Amino acid sequence: MAAIENAPTAVKATATRHPLDRTFSVAPMMEWTTRDYRALARCLTRRALLYTEMVTTGAILHGSPRERFLGYNADEHPLALQLGGSDPGELADCAVIAEEWGYDEVNLNVGCPSDRVQNNMIGACLMAYPGKVAEAVAAMRRAVSIPVTVKCRIGIDDQDEDADLERFIEQVAAAGCGTFIVHARKAWLQGLSPKQNRDVPPLNYERVYRLKANHPALHIGINGGVKTLEACQTHLAAGVDSVMVGREAYQNPWLLAGVDSMLYGENAPAFSRHDVARAFRPYVIERLDEGAKLNHVTRHLLGLFQGCKGGRRFRRHLSEHAHRDGAGIRIYDDAVGLVDEQKLMEASSEAI
């Protein structure tokens, strides 16, 4: 896998724009959608749009080395960078850097409810300031040719889910944003933790459907609580343009194996969980050669054999051994070997 790191000028010279079909995407998730997870995802789906973790403007502009925040492998495309920030000038500068590094899209986080980001005017608190978001979007759009998109909630705190959301969407769309991915829950910035904000506020899918009906010219994607590809198809049939899946795509990565066939009508890159493990193996070796610890890479595929006979032994073996000093590819191979491939294939055939 060719790495893209520390050489934006080379990227500019060689990068090609990748078609963006947002029908299905994996949500940006802090500490989860790292480059290691994204490499695993590409063993399961070629078509899904992948997102980085949220990266703050300060980290990009002042962090070093920049590769730590922006590095990725070339086969992760199509790939979007999610930015956290509110200063239009800083966001525009970061959008330019993202384009130089070859990212296919820049997405502004207007949905994260944590106290830490609120204190820096990042995330969901920006829903109270549509004019500020519009100014930031306009600045980024002037600076780059790649798409600038927004991920938001249906509201925060005591906002009206109809009037206030319409006001936000209309102002930001007027600034040139044509794509909104909407988490179909309010965020309560006072009284609920970030974890509670992912589950406690009720889902309101109908509100997102109405948003799309009210704005047919905009691309409206839906996010929140989606756990199956059948649910994705239901949302698409209801009229939204795309579906973004978060925790389920991480905790049960095998879900991604059906994306290309069910949502795009194309063959999947892997036909069994063992195919995925074999395809991911060269990447694991590459990362070990770079000095990465085995558990930092393999933690992302602990759910690969979820629900399969031997799956618990697979997870336990990696959990108990991958963190040890000197842990190498043999630990990975031994863990995969604890799930009998032939029996798993027979069980899958019987299920069909």
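The following dialogue examines how several terms apply to this predicted model.

Trainee: What makes the strands a barrel, and in what order do they close?

Mentor: Eight strands close in the order S2-S3-S5-S6-S7-S8-S9-S10, with parallel pairing. From one strand to the next, the twist averages 30 degrees.

Trainee: How do you know that strand S8 and strand S9 pair?

Mentor: Pairing requires at least two bridges between two strands. Strand S8 (residues 179-187) and strand S9 (residues 219-223) share five bridges in the parallel sense, so they count as paired. One of the residues involved is Val 182, whose bridge partner in S9 is Ile 222.

Trainee: Why is Ser 272 called buried?

Mentor: Buried means under 20% relative accessible area. Ser 272 has 16%, and therefore counts as buried. Ser 272 lies in the loop between helix H13 (259-264) and helix H14 (273-289). Leaving aside neighbours within four places in sequence, Ser 272 is in contact with Trp 254, Arg 278 and Glu 341.

Trainee: What makes the approach of Ser 272 to Asp 275 a polar contact?

Mentor: A polar atom of the Ser 272 side chain lies 3.0 Å from the backbone nitrogen of Asp 275. The cut-off for such a pair is within 3.5 Å, so the distance satisfies it.

Trainee: Why is the link between Arg 287 and Asp 36 called a salt bridge?

Mentor: The term requires a side-chain nitrogen of Lys or Arg within 4 Å of a carboxyl oxygen of Asp or Glu. The side chains of Arg 287 and Asp 36 meet at 2.8 Å, N to O, so the pair qualifies. Arg 287 belongs to helix H14 and Asp 36 to helix H2 (residues 35-42), so the salt bridge ties together parts that are 251 residues apart in sequence. Arg 287 also meets Glu 290 in a salt bridge, at 2.9 Å, N to O.

Trainee: Why is Glu 290 called partly exposed, and why does Arg 287 count as buried?

Mentor: Partly exposed lies between the 20% and 50% limits. Glu 290, at 45%, falls in that range and is therefore partly exposed. Arg 287 stands at 16% relative accessibility, under 20%, and so counts as buried.

Trainee: How do you know that the span of helix H5 agrees with expectation?

Mentor: H5 has 13 residues and reaches 18 Å from its first C-alpha to its last, close to the 18 Å expected at 1.5 Å a residue. At the N-terminal end of H5, Asp 87 acts as a cap, with a side-chain oxygen 3.1 Å from the backbone nitrogen of Gly 89.

Notes:
Residues numbered from 1 in each chain as written. Predicted model: local features only at pLDDT ≥ 70, side-chain atom pairs only at ≥ 80, totals over all residues. Heavy atoms only, no water. Helix = DSSP H or I, 4+ residues; strand = E, 2+ residues; numbered from the N terminus. Axes fitted to C-alpha atoms, helices over the stretch in contact; angles between N-to-C directions. Buried < 20%, exposed > 50% of the residue type's maximum accessible area, 1.4 Å probe, protein only. Polar contact = N/O pair within 3.5 Å; in protein donor to acceptor, adjacent residues only side chain to side chain. Contact = heavy atoms within 4.5 Å. Expected span 1.5 Å × (residues − 1).
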